[in-house]
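Trainee: Could we take a close look at one part of this model? I'd like to go through it piece by piece.

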Amino acid sequence: MLCSLLTFFGLYSLACWLYENIRTPVLLVVNGIQELIHGNRRSLSQKYGPWAVITGGSDGIGKGYANFLAGQGMKVALVARNEVKLKKVAEEIRNKHGVETKVVVADFSKGESIFDHLERELISLDIGILVNNVGVINEKPVRLERMEKRLLWDLINVNMGAATLLCRILIPSMKQRKRGLIINISSLASLAATPYLTVYAATKAYMTSFSDGLREELRPFGVECQTVSPGYVRTSMTEYFASAEGEPSELSKRVISVSDMIRYAGFTISKADTTTGHWLHGIQTGILKAFPPSLRLKIFSKLYTQLLAEYSDEKPKTS
Ligand SMILES: NC(=O)c1ccc[n+]([C@@H]2O[C@H](COP(=O)([O-])OP(=O)(O)OC[C@H]3O[C@@H](n4cnc5c(N)ncnc54)[C@H](OP(=O)(O)O)[C@@H]3O)[C@@H](O)[C@H]2O)c1
């Protein structure tokens, strides 16, 4: 009796894990084969609309998405703070891919006050894809009470406010056109609370929940929503992995590049509703999901306590 009960729970747990982790690869294979068989290879602009808006599109992962989407023939609108950097990236994209570009200067850390300006700049475009990518992080692992008040507001306004308010502005026209795709960039950090990156990880848990909920709201209206939860990617956000001498650390050498991530993440667009953005991060996520949430917290806690010791001037205090 005990043996069959254990077998039942073992099989049930395995089935749950497989459903959670094999779903995306299966969707990619099935939808990829379907596209090939039916020759259903409409371009992204034919399927969703001609313009893509990318927040934080002037650097890192956002710049990667902007280049990928422009390479697929989409016109791109880049939103970020630094006008000089934005114009340079827009020019690079125009020269490389021959598509129309637009730059919108906006600082999401300013909160509510900037969204009228964004609405004026974006509402007249036929937007097919919105990539809610913009995000900030504390430079190094740090205790909450040692964080600047300004940085805490930035984490809230930039990492959560930007995506939430932009969706509110752009969803009505997507619904009217009965097409569109919203790509929300979350993080592997959303899988468990992360001490010393506590607020950052909480904003990413918000993004995953927001994105997954919104997908169900939008499904009946023909608008899609994809959640992307990458692990570490080599960008200015993860610069602190470089050692004090500026040499890449062992950890930083193992971090994947933006171009590697975008090659895979780009392939998943319109095929899977959730992805990590890279197969290697898919494996890392699958391994983490084999542990119950309370154990995941212990793993993250151990890892980030070590990082606090390594990258901060403060010594960790363990219980
Ligand atoms: N890198 C990783 O390992 C990793 C892993 C998982 C998830 N993610 C997520 O991926 C997203 C992109 O990260 P990334 O590593 O590519 O970052 P990044 O290289 O630091 O680029 C950030 C982009 O956001 C813009 N930005 C920053 N603050 C802004 C603000 N207040 N208002 C408007 N624009 C602002 C920057 O433009 P300006 O120069 O104009 O400020 C830049 O274009 C984030 O949501 C991050 O949480 C990253």
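Trainee: Let's take strand β2: are its two faces covered or open, and which residues sit on each side?

Mentor: Keep in mind that this is a predicted model. Both faces of β2 are covered. On one side you have K75, A77 and V79, and on the other V76, L78 and A80, and all of these are buried. That fits the count for the strand, which spans residues 75-80: 6 of its 6 residues are buried.

Now look at what lies alongside. Strand β1, residues 51-55, pairs with β2 in the parallel sense, over 5 bridges. If you want a spot to find that pairing on screen, go to A52, which stands opposite V76 in β2. β2 also pairs with strand β3, residues 101-105; these two run parallel and are joined by 5 bridges. Here the pair to look for is A77, which stands opposite K102 in β3.

Next, follow the chain through the helices. β1, helix α3 (residues 60-71) and β2 make a right-handed β-α-β unit. Then β2, helix α4 (residues 83-97) and β3 make a right-handed β-α-β unit as well. So β2 takes part in both units.

One of those helices also leads us to the ligand. α3 gives the most to the shell around the ligand, with 3 residues. There are 28 residues around the ligand, and G56, G60, G135, T235 and M237 come nearest. By class, that shell has 12 nonpolar, 12 polar and 4 charged residues.

Definitions and conventions:
Residues numbered from 1 in each chain as written. Predicted model: local features only at pLDDT ≥ 70, side-chain atom pairs only at ≥ 80, totals over all residues. Buried ≥ 20, exposed ≤ 12 C-beta atoms within 10 Å, placed from the backbone. Helix = DSSP H or I, 4+ residues; strand = E, 2+ residues; numbered from the N terminus. Pairing = 2+ DSSP bridges. Right-handed = clockwise from strand over helix to strand, strands pointing away. Near = placed C-beta within 6 Å. Nonpolar A, V, L, I, M, F, W, Y, C, P; charged D, E, K, R; others polar.
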